[in-house]
Amino acid sequence: MLFLMSMNTIHHNTCPICGQQNLKTKYNLQDYTVSKEFYDILECESCGFMFTQDPPDAKSIGPYYKSDAYVSHSDTQEGLFFKIYHKVREHMLKQKRKAIIENSSGHRTLKLLDIGTGRGYFLNHMQEQGFLCTGIEQDPEVRKIASEEFNLKILAPEQLYQFEENKFDVITLWHVLEHVHDLKGYLEKIKSILKSDGLLVIALPNPDSTDAKIYREHWAGWDLPIHLWHFKPQNIESLLSQYQFNMVDKRRLPFDPFYVSILGSQQRGDKLPMISGGFKGLRSYISCLSDIDKTTSLIYFFKKE
Ligand SMILES: [Zn+2]
């Protein structure tokens, strides 16, 4: 198959968070969207962190992103599902901004860096609200479209390593850190370019969520092999503490249980995925009302110690 021919992969012998060697295979899962290949997900027996074994390296992973179903990079308005998705996105942009302001130190004009800008909807929203915005986006085509459409400053990932220290008040990664190959390099750099009272915002899917347990191997949050890391709430907190970050707030992404459950029902081949996924999403949503750590996706807010 095309994908295997020139691919270089990364083999893990130790846990990327705690360094222990006791790793077991938790799942063997398929890439449903693009390659249809199977990948192992390993779990560290010491700290519980899960990660994808033998994923394509940074140079080989590009083709795995080429999917029409990759909705965060597409702008299609077809179908009820996508109409709902776009409405929800507008609502969530406001919620994200509100949460950032509530967790920030009260400045009016904050310098914001968004890593993994995608089509630029979040950054455009923040720029319209007076934030001084810079974006980082890997895909040159997406970078060009977003910069032109919204008049945004969006740079290539290599530029991240060029920023001077203490430059930004807020750094955001919306469903991005699970895609980052150079996890330690990124976190070191983020720590140095964020001001001492700055805010780091990381949104991640939660493999400990109720819907991850319902859908198991069909859970859409696995998204292999482009999701390299599968952070449970305790894992991200433990990793960030290695870079002297404390978690100051944690919030749910309330629509994700529905979105992820409908995708899960599609991947599992349910006859009416909108209905079956909708009900399972509701079950997941209700179950996490009393325990935020069971929700589909979490936004974590960190500050320096
Ligand atoms: Zn570990």
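The following exchange between a student and a tutor works through a predicted model.

Student: Which are the edge strands of the open sheet of seven strands?

Tutor: In this predicted model, the open sheet of seven strands has mixed pairing and follows the order β6-β5-β4-β7-β8-β11-β10. An edge strand pairs on one side only, and this holds for the strands at residues 154–155 and 245–252. The edge strands are therefore β6 and β10.

Student: Which residue in β7 is the bridge partner of Asp114?

Tutor: Strand β4, covering residues 111–115, runs parallel to strand β7, covering residues 168–174, and three bridges join the two. For Asp114, the bridge partner in β7 is Thr172.

Student: Which strand gives the largest share of the largest nonpolar core?

Tutor: The largest nonpolar core has 65 residues, and among those with the most contacts inside it are Leu112, Val170 and Leu200. Leu112, leaving aside its neighbours within four places in sequence, is in contact with residues including Met126, Phe131, Phe168 and Val170. The largest share of the core, however, amounts to six residues and comes from residues 194–205, which form strand β8.

Student: Is Tyr121 buried or exposed?

Tutor: Tyr121 is found in helix α3, which spans residues 121–128, and, once its neighbours within four places in sequence are left aside, Tyr121 is in contact with Arg89 and Leu93. A residue is buried if 20 or more other C-beta atoms lie within 10 Å of its own. Because Tyr121 has 20 C-beta neighbours inside 10 Å, Tyr121 counts as buried.

Definitions and conventions: Residues numbered from 1 in each chain as written. Predicted model: local features only at pLDDT ≥ 70, side-chain atom pairs only at ≥ 80, totals over all residues. Pairing = 2+ DSSP bridges. Helix = DSSP H or I, 4+ residues; strand = E, 2+ residues; numbered from the N terminus. Core = buried A, V, L, I, M, F, W, Y, C linked by C-beta atoms within 7 Å. Buried ≥ 20, exposed ≤ 12 C-beta atoms within 10 Å, placed from the backbone. Contact = placed C-beta atoms within 7 Å.
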